[in-house]
Amino acid sequence: MGTDTLSFLDAGFLETEDSDRHASLTIGALAVIEGPPPSQREFRDAVAARLLDLPHARDKLRTAPLDVSAPSWTEDANFDLDRHLRRVAIPNPGEEEALFGFLARVMGHRLDRDHPLWECWVVEGLSGDRWAMLAKLHHCMADGITGTRLFEAMCDEVEPTMDPAADSSGPERPAHQPPPSPSISTLLSPRHQYALLETILRAPLTIAQAGLGACRGLARLLAEMLTSSSDTSLIGPIGKQRRYRGARTRMTDVREICGAYGVTVNDVALAAITGGLRTLLLRRGEQPDAHTVRTLVPVSVRSANDDADPPHNQVSLMLPFLPVDIEDHVEQLTAVHQRLSAHKAGKEAQGGKVFTTLAQYGPFMPLAWALRLATRFPQHSVVAVATNIPGPQHTRHVLGRRIVDIFPYVPIALRLRIGIAILSYADTLTFGLTGDYDSTPDLADLATSIEQGVSSLLTAARLETAGS
């Protein structure tokens with residue numbers, strides 16, 4: 001598989017979007033920035049200098065008829081930078097609610113697959129002499145970690161990669177003729193069949209290298225996917241419109257909780273989400289039980305030398321039940337920590353990696369059709385998605401202006417009505433909440449409950465430390 005060919009996981013996001021007409025599988029980050037907004041020319045020059053040499057910034061998708069081969073990237077001969085740069089002003093008084101409403105509307109719209117799959121927005125009119133920048137890209141281009149690195153490329157702390165004065169309205173790289181998409185006759189040729197046989201014969205070696213534990217983890221993961229969660233209003237049909245809210249906590253508070261109870265930042269975040277979802281369900285008149293909220297928790301499976309990794313999605317997953325049946329916040333935290341530890345020991349994430357790796361050895365067409373068929377059946381197992389993305393540890397600037405907040409965005413699809421992205425930036429841990437517009441009118445209540453959950457854990461942690 002060449003670097004210009006989408007991996008099976010990359011292509012899976014496209015297949016899922018194709019199977020769900022209400023889904024837009026784009027990820028994004030919204031930075032709130034101090035000071036006056038840049039002029040459009042200043043912003044255009046910054047994007048030209050810092051983003052256009054990043055992987056696939058000028059490339060569009062090329063697909064083969066009937067999915068006879070995996071999609072690949074090819075240079076957009078009609079690339080126009082201005083097509084991807086947008087500018088908008090939110091109405092006075094420029095409060096956060098209006099900003100989040102704008103974010104939800106933009107992220108709910110699908111990107112044009114006839115052109116590179118990204119956009120960058122300047123948002124004017126924020127209160128307090130602030131503006132915002134929204135970076136949006138399709139999930140087939142990158143996972144959350146890669147997406148964060150692309151976002152950081154816009155920061156002043158990263159050296160420019162090209163001359164800002166260069167005219168970037170069209171392709172600057174040497175012109176090349178992309179190879180033709182493979183035809184059915186090519187795929188049936190002896191050469192292609194021999195290559196396919198070779199990759200199939202390598203599959204047992206891949207399984208052996210993965211280890212027995214990872215294979216057991218894959219079996220456990222598949223079994224969980226086939227097991228339904230309890231009935232809840234958190235899962236069901238979704239529409240095209242989205243809601244978005246943000247929640248903030250201080251990293252110093254989270255680390256204090258971690259130190260008091262011997263847990264991780266991710267444990268604290270998921271415990272706060274657990275408390276928030278429990279409160280949401282109770283307010284809706286539902287009694288949560290131990291099997292109400294199975295959550296998809298993405299796990300990065302990047303190698304230690306991740307700077308050398310290609311820009312493909314490199315994530316696996318765990319599927320823990322959040323303990324929404326437990327009332328006490330500290331007991332919730334303990335249960336989350338124990339359950340995540342058990343899932344990690346069960347090597348579910350490694351098992352998921354085995355599956356996506358093996359998928360690379362098979363013919364793409366039957367795999368793509370099988371995935372498309374599977375996504376058309378209503379799923380009843382996963383209720384929400386919660387992904388934790390490490391962001392910049394120190395304050396960043398864009399065009400000399402300080403970034404105050406960064407809000408992450410994760411998409412929803414396939415009957416998942418709520419998605420939560422967790423991102424650390426400087427001394428802030430931010431929760432970005434995506435909800436289906438029709439079924440989650442109380443998304444702001446969930447954001448408030450998450451903040452209150454961290455506050456309750458901090459109070460308990462200080463009492464615990466004082467009493468020891």
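Visitor: Where is T274 found?

Guide: T274 is found in helix 10. Keep in mind that this is a predicted model.

Visitor: Why is T274 called buried?

Guide: Buried means under 20% relative accessible area. T274 has 0% relative accessibility, so T274 counts as buried.

Visitor: Which residues is T274 in contact with, leaving aside its neighbours within four places in sequence?

Guide: Contact means heavy atoms within 4.5 Å. On that basis T274 touches L322, P323, V324, Q332 and V336. Take L322: 48 residues separate L322 from T274 along the chain, yet their C-alpha atoms are 5.9 Å apart.

Visitor: What makes helix 10 and helix 11 oblique to each other?

Guide: Start with the angle. The axes of helix 10 (residues 265-283) and helix 11 (residues 329-345) cross at roughly 125° and come within 9 Å. Angles over 145 degrees count as roughly antiparallel, and 65 to 115 as roughly perpendicular. The angle of roughly 125° fits neither range, so the two helices are oblique. Their crossing is right-handed.

Visitor: Which residues make the contact between helix 10 and helix 11?

Guide: Helix 10 brings N266, D267, V268, L270, A271, T274, G275 and R278. Helix 11 brings Q332, L333, V336, H337 and L340. By class, that contact has six nonpolar, five polar and two charged residues.

Visitor: Why is helix 1 called oblique to helix 13?

Guide: Helix 1 (residues 8-19) and helix 13 (residues 364-375) pack at about 45°, with their axes 9 Å apart. Roughly parallel needs an angle under 35 degrees, and roughly perpendicular starts at 65. The angle of about 45° lies outside both, which makes helix 1 oblique to helix 13. This crossing is right-handed.

Visitor: Which residues of helix 1 and helix 13 meet?

Guide: From helix 1 come F8, A11, G12, E15, T16 and S19. From helix 13 come F364, L367, A368, L371, R372 and T375. The contact has six nonpolar, four polar and two charged residues.

Visitor: How do you know that C120 and C155 are buried?

Guide: The cut-off is under 20% relative accessible area. C120 has 2%, so C120 is buried. C155 has 1%, so C155 is buried too.

Visitor: How many disulfides does a search of the whole structure find?

Guide: Zero. A disulfide would need a pair of cysteine sulfur atoms within 2.5 Å.

Visitor: What does the chain come to as a whole?

Guide: The chain has 14 helices and 14 strands. Buried residues make up 51% of its 468 residues. Among contacts with a separation of 6 or more, 81% join residues 24 or more positions apart.

Key
Residues numbered from 1 in each chain as written. Predicted model: local features only at pLDDT ≥ 70, side-chain atom pairs only at ≥ 80, totals over all residues. Heavy atoms only, no water. Axes fitted to C-alpha atoms, helices over the stretch in contact; angles between N-to-C directions. Helix = DSSP H or I, 4+ residues; strand = E, 2+ residues; numbered from the N terminus. Left-handed = near helix turned anticlockwise from the far one by under 90°. Nonpolar A, V, L, I, M, F, W, Y, C, P; charged D, E, K, R; others polar. Buried < 20%, exposed > 50% of the residue type's maximum accessible area, 1.4 Å probe, protein only.
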